[in-house]
Amino acid sequence: MNFKKKLPYTILLISISSVLPWCSLPIGNTFIWWLLQSFILFLFIKLRPINYVILPIKLFFIYIFFSAIYGAIFMTENYWDWKLLIDNLMIFLLPIAAFVYARPIELTSTLKYWFKYAWIILTILAPFLYSDAFGRFLTPYTFLLLSLPLVKKSKKYFIFTLAAFVITLTLGNESRSDIIKFSVCFLLGTILLLYPKIWSQRKLLLRLSHLIIITPIILFILGVSNIFNIFKIEEELGIENKFQMKNSTGDEYSALIDTRTFLYAEEIQSAIKNKYIIIGRSIARGYDSPSFGEMINSALHLKRNERSSCETSILNIFNYFGLIGVCIYMFIFWKASYLAITKSKNIFIPVIGIYVAFRWLFAWIEDFSRFDLNYLFLWIFIGLCYSPVFRNMTNREYKNWFYTIIR
């Protein structure tokens, strides 16, 4: 079997799975998607460079398998625990993509295929999609936004329109994830377009990266110390009701509304109560949730007041893998950003390095871990940062490679 020829198909399958939570059209079932995801991971494993090692991600994989074994032996109590274990195992194996797409030829074939055929799928599914579906499906365009100077003028207008469409569409939803990610990519790409010399200032960029990565940790310490809660910034700064928006039903709500403090409180209290602060509760179990527990008990016929995951990525990492897992996860992002900024011969990879640092910060706010394009492209970006092939490209070489995708 020619595995390389099968690789481009995987991104279209992941594109479909990305919109399933916001699609009224029933497509497959859990078992079918498990088979498809297993096939995708099998391809990734087969196509990874054998002698290429990314140490931080390898450490993460080791800890994932430890968590899976620990969960299977000690933590599983019912069908839902086993289902969560399998779901999470496949989700957290998706970082294999960082190895596969560290080589230009694999990334070229996959992205080129997506830009050519994804619109057919979107056109078919569009009548059945709502809410965040469009932003999640169009995630690959964030890669083009981060490379704006290389996009031809006619395509720039299309990409600007697309980004504006996603941002405007998301304004009608209470989820702010796509607005933030597309806006940040647009901002970084615009700076690269207008002020390219800035990306040659590596010491400045490294300080910025370190600041971005350490900021959520400082804010977390300030929050748990009751000194300053960034999630209650309207209250902290005395500017309540200044940033009003309307959702799809016409009801007004604050764009800065605090929907995260109680999640941090529940996750931390659950970890303390059940004594899994250091190693985590395993990928087979969720966290004790007074807010959602009774509703979940009723739906699943359980009596544990336990929620499988929450909206904040880093809290899920903490719940499943404990402080050890959080430290490994942070190491992955820090090292990727560091290499992209200090060890790159072109000005394009450092842009991605700053974006990867931002995604670490954003993980403390939202950024779900799902088997979807959003999580896949996070690891593609991280893979680009670690890849010696991409980092050793000159500006001209990177430009020539980039044109092989958008042609």
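This is a short talk on two helix pairs, one pocket and two cavities in a predicted model.

I'll start with the helix pairs. The first is H11, residues 202–224, with H15, residues 313–342. Their axes lie 9 Å apart, and the packing angle is about 165 degrees. An angle over 145 degrees counts as roughly antiparallel, so that is the term for H11 and H15. The crossing of H11 past H15 is right-handed.

Which residues of H11 and H15 meet? From H11 we have Arg202, Leu205, Leu206, Ser209, His210, Ile213 and Ile217. Facing them from H15 are Met330, Phe333, Trp334, Ser337, Tyr338, Ala340, Ile341 and Thr342. Sorted by class, that contact holds ten nonpolar residues, four polar ones and one charged one.

The second pair is H10 and H16, which pack at about 155 degrees with 11 Å between their axes. That angle makes H10 roughly antiparallel to H16. Here too I can give the hand: H10 passes H16 in a right-handed crossing. On the H10 side, the contact uses Ser177, Ile180, Lys181, Val184, Cys185, Leu188 and Leu192. On the H16 side, it uses Val351, Ile354, Tyr355, Phe358, Arg359 and Phe362. The classes in this contact are ten nonpolar, one polar and two charged.

Next, the pocket. The largest pocket holds about 1100 Å³ of space, and 38 residues line it. If you want to find it on the screen, look for Lys83, Leu84, Asp87, Ile91 and Ser308, which lie nearest its centre. Several elements give two or more residues to this lining: helix H2 (30–47), helix H4 (79–91), helix H14 (293–300), strand E4 (306–307) and H15. Which of them gives the largest share? That is H4, with seven residues. The lining is mixed in class, with 18 nonpolar, ten polar and ten charged residues.

Now the cavities. Counting those of 30 Å³ or more, there are two.

The largest cavity has a volume of about 50 Å³. Its lining consists of Gly135, Arg136, Thr139, Thr142, Asp178, Lys181, Phe182, Tyr355, Arg359 and Asn374. Helices H7 (133–137), H10 (177–194) and H16 (349–362) each supply at least two of these residues. H10 gives the most, with three. You have heard some of these names already: Lys181, Tyr355 and Arg359 line this cavity, and they also take part in the contact of H10 with H16. By class, the lining has two nonpolar, four polar and four charged residues.

The second largest cavity comes to about 40 Å³. Around it are Ser313, Tyr329, Phe333, Arg359, Ala363, Asp367, Phe368, Asn374, Tyr375 and Leu378. At least two of the lining residues come from H15, and at least two from helix H17 (373–386). How do the classes divide in this lining? There are six nonpolar, two polar and two charged residues.

A last point is about residues that turn up twice. Arg359 and Asn374 line the largest cavity, and both are in the lining of the second largest cavity as well. Phe333 lines the second largest cavity and belongs to the H15 side of the contact with H11. H15 itself comes up in that helix pair, in the lining of the largest pocket and in the lining of the second largest cavity.

Conventions: Residues numbered from 1 in each chain as written. Predicted model: local features only at pLDDT ≥ 70, side-chain atom pairs only at ≥ 80, totals over all residues. Heavy atoms only, no water. Axes fitted to C-alpha atoms, helices over the stretch in contact; angles between N-to-C directions. Helix = DSSP H or I, 4+ residues; strand = E, 2+ residues; numbered from the N terminus. Parallel < 35°, antiparallel > 145°, perpendicular 65-115°, else oblique. Left-handed = near helix turned anticlockwise from the far one by under 90°. Contact = heavy atoms within 4.5 Å. Nonpolar A, V, L, I, M, F, W, Y, C, P; charged D, E, K, R; others polar. 1 Å grid on protein atoms, 1.4 Å probe; cavity = no way out; pocket = protein on both sides within 12 Å on 5 of 7 lines; lining within 4 Å. Points joined across faces, edges and corners; volume = space filled by probe spheres on them.
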